[in-house]
Amino acid sequence: MERGWGEVMERPLTQHIRKDGRPLTLKEYEAVGGYQALRKMLKLTPKEVQTLVKDSNLRGRGGAGFSTGLKWSFVPLDTPKPKYLITNADEMEPGTFKDRILLESTPHQLIEGMIIAAYAIQANISYVYLRWAYKTAAQAILSAIDEAMAKGYLGNNILGSGYDLEMHLHTGVGRYMCGEETALLNSLEGKRATPRAKPPFPQVSGLYGRPTIVNNVETLCCLPHIVNKGAEWFQKLSLTGDAGTKLYGVSGKVKKPGAWELPMGVTLRELIEEHAGGMQDGFKFRGALPGGASTDFLVEEHLDVKMDYTSVAAAGSRLGTGTVVILDDKTCPVGFVENLEHFFAQESCGFCTPCREGLPWVEKILSAIDSGEGKINDLKLLEHHTKFLGPGNTFCAFAPGAMEPLQSALKYFRADFEKHIHEHRCPY
Amino acid sequence: MLSSEEILEIKHAIKLVPYKKAASVEALKVVQEHRRWISDESLRDVAKFLEMSPEELDSVATFYNMIFRKEVGKHVILVCDSISCWVMGYEKLRDQLFNRLGIKYGETTHDGLFTVLPNCCLGTCDCAPALMIDHDLYRNVKAEELNQILEKYK
């Protein structure tokens, strides 16, 4: 596809995915250049790999957008074994389905990325923490690990380099909280998935108290390509200052919901109108969560916002996972937010009081408003919660995330809330 | 009593972790795979095997929504109630399912065949609404297709 900036659009992460989505075997992956990056990387020092990735400006694709190379650099390299590298494949953000595609169709790309990351921090044990629902992905990863072991890409003395890495698949047993990296570590240790205090950060004291890096699937899948083609190439894939491509998705009342790898920084309008085929007939765009349930709404005035970390943040939201959920004009915004807050209230791990008690309260208020029993003071009460469950008042980022769609809904769809209260019913 | 097969599988899980307790989630998964759910008796047996108190193991077991501490039917139906499925009208599908089976969330049919549970989210939001029955994922499900889908599990 010819793009405005005069280059053929590159889709390094997804270009070899089969139409039917079946996973590439080891042979097929090698035939398209697979594991060449591993060979190249083993000639570099761990510090050189870290610098390369730092220079590429790769930012974590799980939602937080932290610099991957910088995250790695906090791991003390000279500590005794063991150190751990963990793939966060617990994709559970409502509205998010991007990692599933990579896990099911190109498991070797992930494994190669994991070896690169593990080598960069000199970890010798690695895990894929996979959500239980991804049964097809589990099979794909298990057979890919076996193939990579048999070929000498995993195990002892990888390709004669003297570097050892073992890899295990861990499938979870539910709970959104497991995607938070310190809760994920507790879960891997066989405990309740509650978050840990930071500091110490996992880079220093993670799994079983050892230095640990947790990276997202899409982040890790970028690594073989960065090693093969360089930091500058990776930066140039993007339309903006945030490097690389991004797996974007759209769900809701659009003509062609789906996910696409595109240059970082395409606009929300292009995503909806071009890639998702526009709104379904009879439906108008009212708003969108740009990156999953825990991001602030963007509305019509934001359609030309570039979908990268910096621009979406400047528009008052977060890129999050980059998978957009659309609110249309025939769907009730109050009901929409009620569905989200029901989810958050249910998934709160219960470890800290404001989150455990505040979220069910929020849900009850929203439910009352939606069923026509709301009072005008309820809006103040909801606003109060957006502050008191906001950043700095809870133990982890869960409740502040839950408040993002609520606070922006109160801002952009206030008239809808008021109408529910005045008319004692849902007008939709 | 844990079966010899269960013990073998739990021992394998223990080998991969630094101490027994760390295998608690894996051990619960093993028993659930064999018995569909974790009874009080199973919980006590697993706890004893892992050298932890039943209360501590129960705190783990009850945390995770895919560990069942109540008996479930032969097939577990998970209805995705995430935001994308809600926008696409999953409620119609849910109500049809309740009507068809004569049960609500958390209940099991009299013949012990089906249990229905809400779930968020199944990670297939571009193909909403979605259902999962045991290991099988159903996407873009229409209410009128339900009968045909359920027939497969009888």
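Okay, quick one today. When I say polar contact, I mean a pair of N or O atoms within 3.5 Å, where one has to be able to donate a hydrogen and the other to accept it. Keep in mind that we're looking at a predicted model.

So, with that term in hand, let's start in chain A. The side chains of Thr321(A) and Thr96(A) are joined by a polar contact of 3.0 Å. Where does Thr321(A) sit? You'll find it in the loop between α12 (309-314) and β9 (323-328) of chain A. And is Thr321(A) buried or exposed? Its relative accessibility is 7%, so it counts as buried, the cut-off being under 20%. Leaving out residues up to four places away in sequence, Thr321(A) touches a list of residues that includes Arg61(A), Glu93(A), Lys98(A) and Lys246(A), along with glycines such as Gly62(A), Gly63(A), Gly291(A) and Gly292(A).

Okay, over to chain B, and helix α6, residues 90-101. That's 12 residues, and from first C-alpha to last the helix reaches 17 Å, close to the 16 Å expected. Which residues of α6(B) are buried? Tyr90(B), Leu93(B), Arg94(B), Leu97(B), Phe98(B) and Leu101(B). They're on the same side of the helix, because they cover an arc of only 135 degrees around its axis. Flip to the other side of α6(B), and Lys92(B) and Asn99(B) are exposed.

What do those buried residues pack against? In chain B, it's three strands, β1 (75-80), β2 (114-119) and β3 (131-133), plus the helices α5 (83-87) and α7 (146-151). Last thing: just after α6(B) comes Gly102(B), with a positive phi of about 70 degrees.

Key. Residues numbered from 1 in each chain as written. Chains lettered and ligands numbered in written order. Predicted model: local features only at pLDDT ≥ 70, side-chain atom pairs only at ≥ 80, totals over all residues. Heavy atoms only, no water. Helix = DSSP H or I, 4+ residues; strand = E, 2+ residues; numbered from the N terminus. Expected span 1.5 Å × (residues − 1). Buried < 20%, exposed > 50% of the residue type's maximum accessible area, 1.4 Å probe, protein only. Arc of directions from axis to C-beta. Contact = heavy atoms within 4.5 Å.
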